[in-house]
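Q: I should like to learn how to read the features of a structural model, beginning with its strands. Please take me through them step by step.

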Number of protein chains: 2
Amino acid sequence: MSELNRKSPESLQDRLDQVVQLLNRHRLVENLVHKQEGQHQELVEHLVHQQNLAELQRKLDELHPADVAFILESLPLEERLAIWQLVRSERDGDILLEVSDAVRETLIADMDSHEIIAAANSLDADELADLAPDLPRDVVRELMDTLDAQQRERLKSALSYDEDQVGALMDFDMVTIRDDVTLEVVIRYLRRFDELPDHTDKLFVVDTEGALKGVLPIKKLLVGSPDALVGEVMAEDPVVFDPEDDAGEAAQAFERYDLVTAPVVDAKGKLCGRLTIDEMVDYIREESEAEVLNAAGLREEEDIFASVWKSVRNRWAWLAINLCTALVASRVIGLFEGSIEKLVALAALMPIVAGVGGNSGNQTITMIVRGIATGQVQVAHGKRLLRKEVGVALFNGLFWGMVLAGVAYLLYGNLPLSVVLLSAMTLNMLLAAVMGVFIPLIRLRLGRDPALGSSVMITAITDSGGFFIFLGLATIFLL
Amino acid sequence: MSELNRKSPESLQDRLDQVVQLLNRHRLVENLVHKQEGQHQELVEHLVHQQNLAELQRKLDELHPADVAFILESLPLEERLAIWQLVRSERDGDILLEVSDAVRETLIADMDSHEIIAAANSLDADELADLAPDLPRDVVRELMDTLDAQQRERLKSALSYDEDQVGALMDFDMVTIRDDVTLEVVIRYLRRFDELPDHTDKLFVVDTEGALKGVLPIKKLLVGSPDALVGEVMAEDPVVFDPEDDAGEAAQAFERYDLVTAPVVDAKGKLCGRLTIDEMVDYIREESEAEVLNAAGLREEEDIFASVWKSVRNRWAWLAINLCTALVASRVIGLFEGSIEKLVALAALMPIVAGVGGNSGNQTITMIVRGIATGQVQVAHGKRLLRKEVGVALFNGLFWGMVLAGVAYLLYGNLPLSVVLLSAMTLNMLLAAVMGVFIPLIRLRLGRDPALGSSVMITAITDSGGFFIFLGLATIFLL
């Protein structure tokens, strides 16, 4: 159990429960007041009510914005908005940054443009850029006017990048120094700050033009000799990123080189921002969630307390695709209705061929897609990978096909039928292996995302293919 | 593109290509030498060969261990081992830590116990603990003997925790200070270090017994007044972890509170280790990969160049489960063979009912499982979630069911059949919604992992259930 406060070791769950309890007590009193009409009674209840609210508000004030965000995400809409009303307005901005997109939408819908602008005013340009897409257009325009020139410039720059680019994730909290001063001078310079930006583990060394010359880890300030020049002790070849770099690649570099922060440098070598590990961790988490959600046929993260209608919209796209592929598979079966009429066991056995092929194909394609994502698989590896996957499919097809053929023989006592089943399973698994290697590699060569919908596609092929192979072989050899 | 070296901006991919090129040139020469017999020729080739090897080795020496690991993972076994031979032995340990489990196995298999021990000697106790499970038992025993008492104690402690516990992920690189000294004294103390441990963003304040009293962010050393006492400026309520805490929860806390390092404290309040963000990032990545791999029916991460036999072993468990569920579904169909014989269109339409139900059920269960993992869904929410999911299923079932019933009517011109199809689709989607909510919540209440095999289970239910509902309704109403 993680404890934010060592003195009072409460888990996040405990804190959520406390808030909900207080909220319920508050509601109970509210109901009482509504029901009872006595003047005096009402006053007493009103006081109790106020006291509960004050306690709840105090509780919320003590919590980290991320914890308030968690509580808001864990509450159904009505309770969520009740709590949201109690949050002090100066904390609104920080909390909006922490909640998920789906929940943020519900919170912003509850605020008027005045409140939104007040909340946004406490944020930096890079944080504003994260919120902006969820805000009403006219509010964003109004907001722009309240910013000073530098902030506006930065907001515009951040908004100009795609959300998967480094430029959209960088912040502007860089502490810059020159290379011709001593560490002593740097230390004195830093003492004038009230506080260093979060995650500052290195200072950025720039020349008079603002071009990056190197980085100085602040650890060096502590262990190095104060008389040394920055230029002597700085690292001259740090990992740097371009604002147009892919955020996923940046995240991999953070992981690979164990970075905490890294400078972002434009094409001319000028320092223009900073990436921090916390943004990268969020990015990694979001990416992997998107992968899991897409694999299950959800378009995006869903507020679990969303309305039925919102959920339907989130899910319909993949359902529609699935319906189409199912319809194709159904038409393949339709081709062989005559055969099924003559040998009805085919109808019972055909889903096995399709299902096991689908599972096997998904195994192959998932591995290849992951290999491409990590950069370990290239188009040139196609032949070698194909050989391996075909080998695996051949083994699995023959082995499990034989098991299944045995079971089918026990059930139907029809040896030719069992042989057809064995052959169809092996062939469908080979088809799955070949397509599982080819589809992502072809997409890679065409410059498309190899992951998107890969599972749906391979399943469509193994379903239709499996039905076709099994019923086709049966029609030729058994009837 | 991430660039480790700003002077020569090569991407990781470029560097991989260079290494492979050098390796191929080396092999080409080797082949030439084997083919040509002339003494002089051989000598020349030998020199060229040596030169290439030296260049390759130099190239490898320049690379970050993580980059060498990436190159090793991206090469088929034979090339991988050729490169591994060229890596300087003092870097072996660091590189072994960076490669994936599957690839690590192939590298260790290529080393004798002498080499392994040499590699291990360059590592810290917490790093050794990461390697130990992959090493031969007798090597681990031999290794234990070479360690000093403190290191041995730490290694034993790290090995005593489950790999999903904080204790298995913590390191021992803590810099500790007392609270009754001034910042000035701390700064002077730090100057005696050659280097601070990686990721040091805070110092740990302990009493004479080693109990944690607070943490001092090193930023405070830089901006604070040198005369202030540590006890005055330290944070007294840091986020701390227990070695027995769940690593996933620790990772969430790192994400939530944007931590870089955090102290690990035992039940008695004694500081016993340190968690760092890089370990947490690795953990998050591995967890999300395991989720994706399991969803696709892979037991664990697979070396993409693994042998057919290894791949078969990695995949057989899920295939076997899939086969069983397919067999059950097949037997359900078997119950209705008589009906199918009479109305063969049933055979063509039944996979649609099963397939669309499966997709819909996977959407529901994925959402609930994710909500449980993030802590937002509790057993108490069951009723509310059920109401929502049933609403979504009812809408989708009726809407898409109607679309499909229309298509079926066009194909078969059988209105009662279309009505049965519509009803079966709606009922199966309701079944999927109910089970999609119940299965994970019941598992949660029983204290099991709600995620494991959830997709397989829901698909099994919607397949068998879909066939049963559709064929059952058809048998009652159509025949």
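A: A definition comes first: two strands count as paired if DSSP finds at least two bridges between them. The model shown here is predicted. As an example of a bridge, F204(B) has V215(B) in β3(B) as its bridge partner.

Q: In which senses can strands pair, and in which sense do β2(B) and β3(B) run?

A: In general, the strands of a sheet pair through backbone hydrogen bonds, in either the parallel or the antiparallel sense. Here β2(B), residues 202–206, and β3(B) run antiparallel and are joined by five bridges. Another residue of this pairing is L203(B), whose bridge partner in β3(B) is L216(B).

Q: What lies between the two strands of that hairpin?

A: Five residues lie between β2(B) and β3(B) in the hairpin, and G210(B) there adopts a positive phi near 90 degrees.

Q: What is the strand order of the whole sheet in chain B, and which strands are at its edges?

A: The sheet is open and has three strands in the order β1-β2-β3, with mixed pairing. Its edge strands are β1 (176–177) and β3 (212–217) of chain B, each of which pairs on one side only.

Q: How does β1(B) pair with β2(B), and what path does the chain take from one to the other?

A: The two strands run parallel and are joined by two bridges. In this pairing, I177(B) has V205(B) in β2(B) as its bridge partner. From β1(B), the chain passes through helix α12 (residues 183–191) of chain B to β2(B), and this β-α-β crossover is right-handed.

Q: Is β2(B) enclosed or open to the surroundings?

A: The cut-off needed here is that a buried residue has under 20% relative accessible area. Five of the five residues of β2(B) are buried, so the strand is largely enclosed by the rest of the structure. Both of its faces are covered: K202(B), F204(B) and V206(B) are buried on one side, and L203(B) and V205(B) on the other.

Q: Where does Y161(B) lie, and how should its exposure be classed?

A: Y161(B) is in the loop between α10 (149–159) and α11 (166–169) of chain B. With a relative accessible area of 22%, Y161(B) is partly exposed. Apart from neighbours within four places in sequence, Y161(B) is in contact with G167(B), A168(B), P243(B) and E244(B). The C-alpha atoms of Y161(B) and S464(B) are separated by 41 Å, the two residues being 303 residues apart along the chain.

Q: What is the strand arrangement in chain A?

A: Chain A has an open sheet of three strands in the order β1-β2-β3, with mixed pairing. The edge strands of chain A are β1 (176–177) and β3 (212–217), each pairing on one side only. Two bridges pair β1(A) with β2(A), residues 202–206, in the parallel sense. The bridge partner of I177(A) in β2(A) is V205(A).

Q: How many residues are in contact between chain B and chain A, and what area do the chains bury between them?

A: In chain B, 134 residues are in contact with 133 residues of chain A. The two chains bury about 12000 Å² between them, with 62% of it on carbon and sulfur atoms.

Q: Which polar features join the two chains, and how many salt bridges are counted between them?

A: Between chain B and chain A there are 12 salt bridges. One of the salt bridges is formed by E302(B) with K388(A), whose closest N and O atoms are 3.0 Å apart. Polar contacts between the two chains come to 32 residue pairs, with both residues at pLDDT 80 or more.

Notes:
Residues are numbered from 1 along each chain as its sequence is written. Chains are lettered from A and ligands numbered from 1 in the order in which they are written. This is a predicted model: local features need pLDDT of at least 70, side-chain atom pairs count only at pLDDT 80 or more; totals for chains, interfaces and linings use all residues. Side-chain values use heavy atoms; hydrogens and water are left out. Helices (H or I, at least four residues) and strands (E, at least two) are DSSP runs, numbered from the N terminus. Buried means under 20% relative accessible area, exposed over 50%, partly exposed in between (1.4 Å probe, protein chains only). A crossover is right-handed if, with the strands pointing away from the viewer, the path from the first strand over the helix to the second runs clockwise. Contact means heavy atoms within 4.5 Å. Buried area is the accessible area (1.4 Å probe) that two parts lose on being put together, summed over both. A salt bridge is a side-chain nitrogen of Lys or Arg within 4 Å of a carboxyl oxygen of Asp or Glu. A polar contact is a pair of N or O atoms within 3.5 Å; within protein, one must be able to donate a hydrogen and the other to accept it, and residues adjacent in sequence count only if both atoms are side-chain atoms.
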